[in-house]
Structures are given as structure tokens and as C-alpha cells.
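Dear colleague,

I am handing over the structure we spoke about, and I would be glad if you could keep it open while you read the notes below it.

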Amino acid sequence: MKVFVSYRRSDTQDFAGRLADRLRSSRGIHEVFFDVAEIGAGEDFAQRITTALAASDACVIVIGRDWCGGRRIFKDNDFVRLEVRGALAGENRVLPVLANGAVMPGPENMPEDVRRLTALNALSIRHSDFERDVEHLLDAIFQRK
């Protein structure tokens, strides 16, 4: 199983890093794409993301309290928007994760090309129940009941 982790650095970089580390240690997950660990110096950032998304079985989209980045999500060159659009267009499983009490943005706060994300059932992962909540995420990744 290959998992792609999408997040906004200014919003959830520490949380996303902790989650990526936990996913890497999970049985059955063979690869976790986490941009700062997987994109080398001199690589084409956008191309590397596109390739990694296409090769992934699941995309975990970490949503924090400021995930939309003000109106940044509406910019055509916003990498979070590009990642979400790519995940929704692909065949991988898309799993929104609400970090530490965040709520899913309303469809009116999202560009049309990624608005479908707001219709997906999200999982919450809280600092206080991190391990238990990650187990629920792993159940969703592996589609276990």
C-alpha cells in the first residue's frame, strides 16, 4: 500500500509529519509520500507530486483550522489545490482527515474543481487520542470494517 499525505505547511506541518511517521510504521503500508522527505533538491516539485499521486493507493488530505489558507486555495498555483484536484481525479482512495478539532470547509469556500472533497466523509484525529484515531484511519485506508 502506498499512501500520499497532503497538507498545508503553514497549517499542519507538525501534525502531518507525525501522522506520516506513524503511517510509515504501520504494517501493510510500504511507502508514504511526504513532500519534505520525498522530493530531492533540483527535482521538479509539481511533477514529483503528480507522479507520486498517480502511484498512490490512498491520499490522506490533512485539514487544519486554516487549511484554506485564507483564499489561497482559490489560486491556480496553490499546491494543496493541485494535490486535492489530482487525488480526486485519480483512482486512489481519498481520505480527508480533520486535525485537532478542525472542521470541513463548506463547499462555498472551495473552488469548483476541488469542491467534491467537501462531500467525502472525514475522519477526525485528535492529539489527545492520536493512536486510537490513527487506527480508525488505517481501517479506512485498508477498507476494514
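What follows covers the nonpolar cores and then the pocket.

Please bear in mind throughout that this is a predicted model. The largest nonpolar core has 25 residues, and those touching the most other members are Val 5, Leu 19, Leu 23, Val 62, Leu 137 and Ile 141. Two or more residues of this core come from each of strand 1 (2-6), helix 1, strand 3 (58-63), strand 4 (93-99), strand 5 (123-125) and helix 5 (130-141), with helix 5 giving the most, namely 6 residues. If you would like one residue to start from, Leu 19 is in contact with Val 60, Val 62, Ile 125, Phe 130, Val 134 and Leu 137, once its neighbours within four places in sequence are left aside. Apart from this core lies another, made up of 20 residues, including Phe 4, Phe 33, Leu 53 and Val 84. As general background, nonpolar side chains in soluble globular proteins tend to be buried together.

Turning to the pocket, the largest one has a volume of about 160 Å³, and its lining consists of Tyr 7, Arg 8, Arg 9, Ser 10, Asp 35, Phe 45, Arg 72, Asp 78, Phe 79, Val 80 and Glu 83. Helix 1 (9-24) and helix 4 (79-89) are the elements that give two or more residues to this lining, and helix 4 gives the most, with 3 residues. By residue class, the lining of the largest pocket comprises 6 charged, 4 nonpolar and 1 polar.

With best wishes

How values were computed: Residues numbered from 1 in each chain as written. Predicted model: local features only at pLDDT ≥ 70, side-chain atom pairs only at ≥ 80, totals over all residues. Heavy atoms only, no water. 1 Å grid on protein atoms, 1.4 Å probe; cavity = no way out; pocket = protein on both sides within 12 Å on 5 of 7 lines; lining within 4 Å. Points joined across faces, edges and corners; volume = space filled by probe spheres on them. Helix = DSSP H or I, 4+ residues; strand = E, 2+ residues; numbered from the N terminus. Nonpolar A, V, L, I, M, F, W, Y, C, P; charged D, E, K, R; others polar. Core = buried A, V, L, I, M, F, W, Y, C linked by side-chain atoms within 4.5 Å. Buried < 20%, exposed > 50% of the residue type's maximum accessible area, 1.4 Å probe, protein only. Contact = heavy atoms within 4.5 Å.
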